[in-house]
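Please look over the sequence and the structure below before reading this briefing. The notes that follow move from single residues to the pocket and then to the sheets.

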Amino acid sequence: QGSVDTKENILIQPEFSGTLISLTVKAGDRVSKGQILARVDDAGMSQQLASAENQYSLAKTTFDRQKNLWDKKIGSEIQFLQAQTQMISAQKAVAQIKAQLSKTVIRAPFSGTIDEVFAEKGQVVAPSQQGLMRIVNLGNMYVSTTVPESYIGKLKVGDQVDVYLTSLNKTYKGKVRQVGNFINPNNRSFGIEVSLPNPENLLRPNQVAKLKIVDYVNKNAIVVPTAVIQEDGTGSKYVYVVEGSNGKTGTAKKVIVEVGKSSDNVTEIKSGLSSDDIIVTEGVNTISNGMKLNF
């Protein structure tokens with residue numbers, strides 16, 4: 001058993017304290033990566049940026065002129081270095097204000113759907129409070145679960161998995177996308193992740209899933225219903241086959257078999273039977289070796 005999840009399911013929080021002056025989305029809206037979702041009042045930083053850019057422009061002009069003079073060996077080196085330092089300092093001041101201003105614009109970190117909005121336009125927000133909204137991408141779903149350590153070496157990335165969603169009564173075909181490298185000492189298991197398609201957009205985080213993992217394949221296996229396999233007093237497994245069949249009658253023959261894997265009420269027979277044997281499937285508990293059969 002596992003749980004459906006997505007790594008793209010986050011609460012979007014403001015990085016800047018202030019009044020929420022713009023909120024452009026509502027619950028249920030689909031958004032693209034980088035799309036503007038909201039804006040926080042910049043508290044006058046736009047004007048600070050304009051002033052800083054003017055100072056940088058002046059400092060750069062002064063530096064360019066000083067450099068031209070210095071290239072012609074006019075003026076002192078200290079004047080050239082001072083002009084260069086002032087230009088670099090003004091440039092960094094502009095970059096710093098721009099970085100702060102960018103935090104007032106809240107953008108979608110990935111493409112997805114706005115699941116819920118917790119804030120309202122005009123509300124004062126801060127980085128320490130509850131998120132502004134939740135964004136979820138249901139296109140990159142997976143199931144996480146743990147499996148016993150006995151499956152080490154039997155599971156690898158790319159293996160097919162049947163994932164049954166109890167709430168939907170549907171089975172999806174998934175693939176192992178990650179196999180853990182750590183054994184939990186408490187339950188002797190390791191984690192895996194199984195990627196899931198979501199074409200109908202029905203999967204949701206935290207849904208319960210049941211997984212059937214293909215850990216063994218034998219394309220030429222002979223299988224019989226598990227219920228027809230019996231065990232004698234020596235511990236040997238056996239089945240009854242029909243010997244001398246003429247289409248309507250035959251004789252029961254006890255055949256010792258070596259069994260292999262079992263799945264979905266059938267069991268693999270590793271030796272003792274051939275593919276053309278007729279297996280007795282009804283009344284196996286009431287017949288004996290050599291008994292005449294009608295069918």
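In this predicted model, D159 is in contact with K154, G174, K175, V176 and V214, once its neighbours within four places in sequence are left aside. The residue belongs to the loop that runs between strand 10 (141-148) and strand 11 (160-165), and strand 10 returns below, since it also gives the most residues to the lining of the largest pocket.

**D159 and its loop**

- With a relative accessible area of 10%, D159 is buried, because a residue counts as buried when that value is under 20%.
- The side chain of D159 reaches the backbone nitrogen of K156, and the distance between them is 2.9 Å.

**The largest pocket**

- The largest pocket holds about 680 Å³ of space, and among the 26 residues that line it, those closest to its centre are I213, V214, D215, Y216 and S263.
- Two or more lining residues come from each of strand 10, strand 11, strand 14 (208-213), strand 18 (249-263) and strand 19 (266-271).
- Strand 10 makes the greatest contribution to this lining, with four residues.
- By character, the lining of the largest pocket is made up of twelve nonpolar, seven polar and seven charged residues.
- V214 links two of these topics, as it is one of the residues closest to the centre of the pocket and is also in contact with D159.

**Strand 13 and its partners**

- Strand 13 (residues 189-196) is largely enclosed by the rest of the structure, because six of its eight residues are buried.
- Strand 10 and strand 13 run antiparallel to each other and are paired over eight bridges; within this pairing S144 stands opposite E193, while T145 stands opposite I192.
- Strand 12 (residues 170-179) is also joined to strand 13 in the antiparallel sense, here by four bridges, and Q178 has E193 as its bridge partner in strand 13.
- E193 of strand 13 therefore appears in both settings, opposite S144 and as the bridge partner of Q178, where a pair of strands is counted only if there are at least two bridges between them.
- Strand 10 has a further antiparallel partner in strand 1 (residues 2-6), to which it is paired over four bridges, and in this pairing D5 stands opposite Y142.

**Two open sheets of four strands**

- One open sheet is formed by four strands in the order 6-5-3-8, with antiparallel pairing.
- At the edges of that sheet stand strand 6 (105-107) and strand 8 (124-125), and each has a single partner strand, so one side of each is left without a neighbour in the sheet.
- Inside the order given for this sheet, strand 3 (residues 18-23) and strand 5 (residues 36-40) pair in the antiparallel sense over three bridges, and L20 stands opposite V40 in strand 5.
- Another open sheet of four strands follows the order 2-9-7-4, and its pairing is antiparallel.
- Its edges are taken by strand 2 (9-12) and strand 4 (30-31), which each have a single partner strand, so that one side of each is without a neighbour in the sheet.
- Strand 2 is paired with strand 9 (residues 133-136) over four bridges in the antiparallel sense, and I10 stands opposite I135 in strand 9.

**S271 and V284**

- S271 lies in strand 19, which is among the strands that give two or more residues to the lining of the largest pocket.
- At 32% relative accessibility S271 counts as partly exposed, because the value falls between the 20% limit for buried and the 50% limit for exposed.
- Apart from neighbours within four places in sequence, S271 is in contact with I256, V257 and E258; S271 and I256 are 15 residues apart along the chain, and their C-alpha atoms are separated by 8.6 Å.
- V284 has its place in the loop between strand 19 and strand 20 (292-294), and at 8% relative accessibility V284 counts as buried.
- When residues up to four places away in sequence are not counted, V284 touches A227, V228, Q230 and Y240.
- Although V284 and I229 are 55 residues apart in sequence, they are 8.8 Å apart in space, C-alpha to C-alpha.

Notes:
Residues are numbered from 1 along each chain as its sequence is written. This is a predicted model: local features need pLDDT of at least 70, side-chain atom pairs count only at pLDDT 80 or more; totals for chains, interfaces and linings use all residues. Side-chain values use heavy atoms; hydrogens and water are left out. Buried means under 20% relative accessible area, exposed over 50%, partly exposed in between (1.4 Å probe, protein chains only). A polar contact is a pair of N or O atoms within 3.5 Å; within protein, one must be able to donate a hydrogen and the other to accept it, and residues adjacent in sequence count only if both atoms are side-chain atoms. Contact means heavy atoms within 4.5 Å. On a 1 Å grid over the protein atoms alone, a cavity is a set of points where a 1.4 Å probe fits but cannot get out, and a pocket is an open set with protein on both sides within 12 Å along at least five of seven lines; lining residues have an atom within 4 Å of a point. Grid points are joined across faces, edges and corners, and a volume is the space filled by probe spheres set on the points. Ala, Val, Leu, Ile, Met, Phe, Trp, Tyr, Cys and Pro count as nonpolar, Asp, Glu, Lys and Arg as charged, and the others, Gly among them, as polar.
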